[in-house]
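The following note is offered to a colleague who is meeting this structure for the first time. It takes up the ligand and its surroundings, and then the nonpolar cores.

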Amino acid sequence: MTEVEQRSADVVVVGAGYAGLAAATRLASAGLDVVVLEAGDRVGGRAFSEVLPSGVRVDHGAQWIGPSQKRFHDLAARFGCTTFPTWETGRHVEVWHDGTRTDHSADEPNAGLGIAEYRRVTETLDELARTVDLDEPWRTPRFEEFDAQSAEDFFLRQTHDNDAQRRLALAVQGVWCCEPREISFFHVLFYLASAGGFEQLMETSGCAQDSRFADGADALAVAMAAALPGGVRLGEPVLTVRHSAQGVEAVTDKGIVRAKRAIVTVPPAAVGRIGFEPALPMARRGWAGHTPMGRVAKIHAVFEEPFWRKKERSGIATLFSRSPVGVVFDNSPEDGSRGVLVAFVYGDRVDRWVAAPDSARRADVLEALGEVAGPRARMPIDYVEMAWSEDGWTMGGYECFVTPGGWAEYGEHGWRRATGSVHWAGTETASVWNGYVDGAITSGERAADEVMAALRIPGQPA
Ligand SMILES: Cc1cc2nc3c(=O)[nH]c(=O)nc-3n(C[C@H](O)[C@H](O)[C@H](O)COP(=O)(O)OP(=O)(O)OC[C@H]3O[C@@H](n4cnc5c(N)ncnc54)[C@H](O)[C@@H]3O)c2cc1C
C-alpha cells in the first residue's frame, strides 16, 4: 500500500454474497451512498458458477431454487434470470451399508428400508417445528429443553430401527452438512420451521430442490452487482471494523471507508477474521463459538451424454454405504447436451475425504458414481471438486449450524441484534429459508431496513 485511500459513505457493506448485494440494492434504491467491500475476486459468495473445459457450466455452491423462495424468485424475475426443473425422471437408487441396492421412482416415496419409521419420526419433527417462534426463537415452548439436546439424542429416544436411524443421519448430513451428534435439536426444529417443514427441505418437485438456473446460480448476483451505482470493490477483505455511536470505519489494506453504519454479511466463521474495535460483546462472541460451518464438498463429473436416462435411471441416489459420497443428482444442462452427475460429500465423510491424496479422492467418487449410474460413470470427460471447508473466506457450507446449548445461551443477544452501528446480515440471520439464498436476500433487506430506520430514512420497496 503506497497511500491510504479514504472514502466516506452512508453505509459500508462487508461481503458481496446475496445478503450484501440485497442490502446494498435496497439502500442504493433509497438514495443512500453505499460502498460494498468483498474479500474475494468475484461476487456471489457461496453461489459460484464456473464453465468447465467441456463447456458445461457447473454450480460449485448454491444451485437450486424452490417455489416458496419468494424473494429469490422476485429478484430473478426482475433481472431476467431463468430457471428450469431439476431432472428427476426415472428410478432413484439407494445403496445400503451392506452393499444391497434398492430403487424407486419419485411417485413411490414410501419404498425402502426403515421408511415407515423414518416418516413417523419426521412427522413428529414437523409437529414440534410448528411451535417455533421464527422471529424470537427463545420464546418457543420447551426452547431450553430442545436446545440442550443434540439431534442424535432425540432420534435415539424416538426409534430403535437402525435403518430409520441411517435415514435420519443422512438427512442431517444432507441438510446441515454435519453429524446428528453435533447439532442442537432446537436448531433442527427452527430450520424446519424456517423452510416450511421437513418435506420442503428434502424433496425436489415443489420443494427446495425444485429448479436450477439456466445461467448458473450466481448470474443474479452478477446482475445485481452491475446495477449498483457504486459497484463492488473486489479483492478488498475488511481487516478491521472500528465502531462507535458516531459511525464506523472499515479498514482494508487499500484504504479506509468511513460510514454512518456498517452491515456485516460474512458467514459466522469468517467474522472471526475481522478485528472489531472495541471487541464485540460477549453474547456475539459466544454465539460465534456455537455456530461452526457445515462441512461439504461438491464434485461434478461430466459425460458426453446423460446415458443413465436411457436406462430409466434418474441419476438421483442416496448412499448409506461406506462411500464418501452421500447423495448424487443429475446436474445435466437443461437441453441434455451433456451428462453431468453431482456428488455431495458431507460431515465426517468430508474430513476423511479431503485428507486423502487426489487420486484416491477421485477414485472413491467415481466408484460411487459407477455404482449408481453404471460403469460408464467411472470415465468422465471432465471432473471437478470443490471442498467448501477449504475456502478461506467462507470456511464451510452450506451454512453454519448451532451446537447444543448455543441458542439458549447466546441466541437472544448474539444471533442478529445490531451491535451499535454494526448491523448483521447473512443467511444465518434469516427467519425464513435460513441457510438458503432466499434467506440471504431477506436478511440483507432486513438489515438495510434497520439501517434506514436508524438513520430515519424512509424505506423503498426493492
Ligand atoms: C455446496 C453448497 C450448496 C448450496 N446449495 C444451495 C441451494 O441449492 N440453494 C440455496 O438456496 N442455497 C444453497 N446453499 C446456501 C447458499 O449458498 C447460501 O445460503 C447463500 O449463498 C449465503 O449468502 P450470504 O450472502 O449470506 O453469504 P455468502 O455467500 O457467504 O457471502 C459472504 C461474502 O462475504 C465475503 N467475505 C468474507 N469475509 C470477508 C471480509 N473480511 N471482508 C470482505 N468480504 C468478506 C465472502 O467472500 C462472501 O463473498 C449452498 C451452499 C453451499 C456451500
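1. The model discussed here is predicted. In it, 35 residues surround the ligand. The closest of these are E38, R46, W64, T427 and G435.

2. As to the character of this shell, 20 of its residues are nonpolar, 12 are polar and three are charged. The elements α1 (18-29), β14 (296-303) and α15 (437-454) each contribute at least two residues to the shell.

3. Several backbone atoms approach oxygen atoms of the ligand. For T427, a polar backbone atom is 2.8 Å from a ligand oxygen. A backbone N or O atom of G435 likewise lies 2.8 Å from an oxygen atom of the ligand, and for Y18 a backbone N or O atom is found at 3.2 Å from a ligand oxygen. The ligand taken alone exposes 1000 Å², of which the protein buries 98%.

4. Turning to the protein interior, the largest nonpolar core comprises 41 residues, and W176 and W407 have the most contacts inside it. Two or more residues each are given to this core by α3 (115-129), α4 (143-147), α5 (151-158), α6 (162-176), α7 (185-195), α8 (198-202) and α14 (406-414). The largest share, nine residues, is that of α7.

5. Leaving aside residues up to four places away in sequence, W407 touches P137, W138, F143, D147, S184, F186, H187, F190, W287, V402, E412 and W415.

6. There is also a second, separate core of 40 residues, with V13, V43, A76 and A217 among them.

Notes:
Residues are numbered from 1 along each chain as its sequence is written. This is a predicted model: local features need pLDDT of at least 70, side-chain atom pairs count only at pLDDT 80 or more; totals for chains, interfaces and linings use all residues. Side-chain values use heavy atoms; hydrogens and water are left out. A nonpolar core is a set of buried Ala, Val, Leu, Ile, Met, Phe, Trp, Tyr and Cys residues joined through side-chain atoms within 4.5 Å. Buried means under 20% relative accessible area, exposed over 50%, partly exposed in between (1.4 Å probe, protein chains only). Helices (H or I, at least four residues) and strands (E, at least two) are DSSP runs, numbered from the N terminus. Contact means heavy atoms within 4.5 Å. A residue is near a molecule or strand if one of its heavy atoms lies within 4 Å of it. A polar contact is a pair of N or O atoms within 3.5 Å; within protein, one must be able to donate a hydrogen and the other to accept it, and residues adjacent in sequence count only if both atoms are side-chain atoms. Accessible areas come from the Shrake-Rupley method with a 1.4 Å probe; for residues, only the protein chains shown count as cover. Ala, Val, Leu, Ile, Met, Phe, Trp, Tyr, Cys and Pro count as nonpolar, Asp, Glu, Lys and Arg as charged, and the others, Gly among them, as polar.
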